[in-house]
Amino acid sequence: MSPLRRRALETPASVLFPFPDRPFLWGVAVSHYQVEGDDACDWTAWEAAGRTRGGACGPAVGSWARYEEDAALAAALGANAFRFSVSWSRVEPRRGRFDGEALARYARLVDRLAALGLEPVVTLHHYTHPPWFHGETPWTSPASVDAFARFAREAVRALGPAVRCFTALNEPFVLLLGGFLGGEIPPGLSDARAARLALDNLLAAHVAAAAEIRGACPGAAVGVAHNMMLFAPDRGRHPLDRALASRARRVYNGGLLEAFATGRWDLWIPPFARLKGRRDGLPSSLDFVGVNYYSRLHLRAGLGVPGLARFGYRDRTGRGLTDNGWEVVPEGLAEVLREASAAVGKPLLVTENGLADGSDARRASFLADHVAALSAVHAEGVPVAGYLHWSLLDNYEWLDGWGPKFGLVEVDRTTMARRPRPSAEVFRRLGERLLAERGSKG
Ligand code: FCB
């Protein structure tokens, strides 16, 4: 690492987040693979191998050709921020060979966002990998850190200082649990040793990417998008269920937060995985915590099931389950924001929150209730710098394919026509009010 980069890494003092000129970000989130289309990567192979339900991603919703239209839709919904991710496989389809046109396409999107008054919130890694990655530089090897740093360098240089808000990694814990312990998503491993190495290298990759970001975009804020949930005992008073719920919370929500707060982690993931490690540069590499919050899981102890626990969603709030069966618990947003703030002591940004609701019957109240939870927690003094709704568009929902409809805007996948759902107007009005209250530009 060059002395200049090292210095940049150690002195994040010039970072001002929330941004003084835009203290509250109100917007939408998408990710490259779920919307762009025709992106050959590890997920494409995963789908071809029959490991997903609900169809292949294929052309997705065509955003690679329609990003400008999508940005204009977000602006019309009153957003002042737009979260998207950069496709590593498009940018580096062969190891070490970067595609200048792909990089230029993302730079054009950033220009368009700026012209529309939308703050770009850029994620460098959102689940997918180039086809060569797991074979040549897997997360279990330190070579992955160099590979990711090099991709990050090319990406941030191409996007330039116009971007001042990054999340290097989206949900590294979900990738870890699903990809290295559960075997459900690429690379499909169930191996405690691989998981330990992968976590070490993912966190090292975050630190390296933060250095690249700070080198190319001085003053930019660097975060991690962390999936957080509520965990509850299925049988309210059952001691084992209660113990499981509190352990799940400590590990799933708290493990990554503790690593970023202290540079150390020591996690026991039932039944066999102990992930222990240390990375001193981690705390200073983070300017904000991005929180992705969706729902609450109930846990019930059970012998002979993986992790000794059954997980399930129940409708305990009486609001009904979403189309993909998730419980709606708006007060949980306040709870996880308090938890993240107490653990790390840095500003927060809600980087995802939303629901699958094809009929749009629940989205308006979901939005209003979650925004009320966010305002309540902010009034308590928890520093929440913004809210980004998942998602602007209906999109490819990973293992569930084309089933769930998360969009404020509905997409007809034959014509790719976009049509705002009625709740999009509720989103606009809520944003107008919040931005006025928080003194932010629309
Ligand atoms: C999050 C993912 C995002 C989307 C939502 C529903 O965990 O980051 O890509 O799939 O869930």
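Student: How far is an oxygen atom of the ligand from an N or O atom in the side chain of Q34?

Tutor: This is a predicted model, where local features need pLDDT of at least 70, side-chain atom pairs count only at pLDDT 80 or more, and totals for chains, interfaces and linings use all residues. Residues are numbered from 1 along each chain as its sequence is written, and side-chain values use heavy atoms, leaving out hydrogens and water. A polar contact is a pair of N or O atoms within 3.5 Å; within protein, one must be able to donate a hydrogen and the other to accept it, and residues adjacent in sequence count only if both atoms are side-chain atoms. For Q34 and the ligand oxygen, the separation is 2.8 Å.

Student: How much of the ligand's accessible area does the protein cover?

Tutor: Accessible areas come from the Shrake-Rupley method with a 1.4 Å probe. On its own the ligand has 300 Å² of accessible area, and the share covered by the protein is 95%.

Student: What is the distance between a polar side-chain atom of E397 and an oxygen atom of the ligand?

Tutor: E397 is listed among the closest of the 13 residues around the ligand (those with a heavy atom within 4 Å). E171 puts a polar side-chain atom 2.7 Å from a ligand oxygen. For E397, that distance is 2.6 Å.

Student: Switching to helix α4, where does it bend?

Tutor: Helices here are DSSP runs of H or I with at least four residues, strands are E runs of at least two, and both are numbered from the N terminus. With 14 residues, α4 (63–76) would reach 20 Å if straight, at 1.5 Å times one less than its number of residues, but its end C-alpha atoms are only 17 Å apart. The bend, meaning the angle between axes fitted to the seven residues ending at a position and the seven starting there, is about 35 degrees, and it sits at E69.

Student: Is D315 buried, partly exposed or exposed?

Tutor: D315 is in the loop between β9 (309–312) and α12 (331–344). Buried means under 20% relative accessible area and exposed over 50%, with partly exposed in between (1.4 Å probe, protein chains only). Because its relative accessibility is 34%, D315 counts as partly exposed.

Student: Which backbone nitrogen does the side chain of D315 reach at 3.0 Å?

Tutor: Beyond four places in sequence, D315 is in contact (heavy atoms within 4.5 Å) with G320, L321 and E327. A polar atom of its side chain also lies 3.2 Å from the backbone nitrogen of R319. The one at 3.0 Å belongs to G318.
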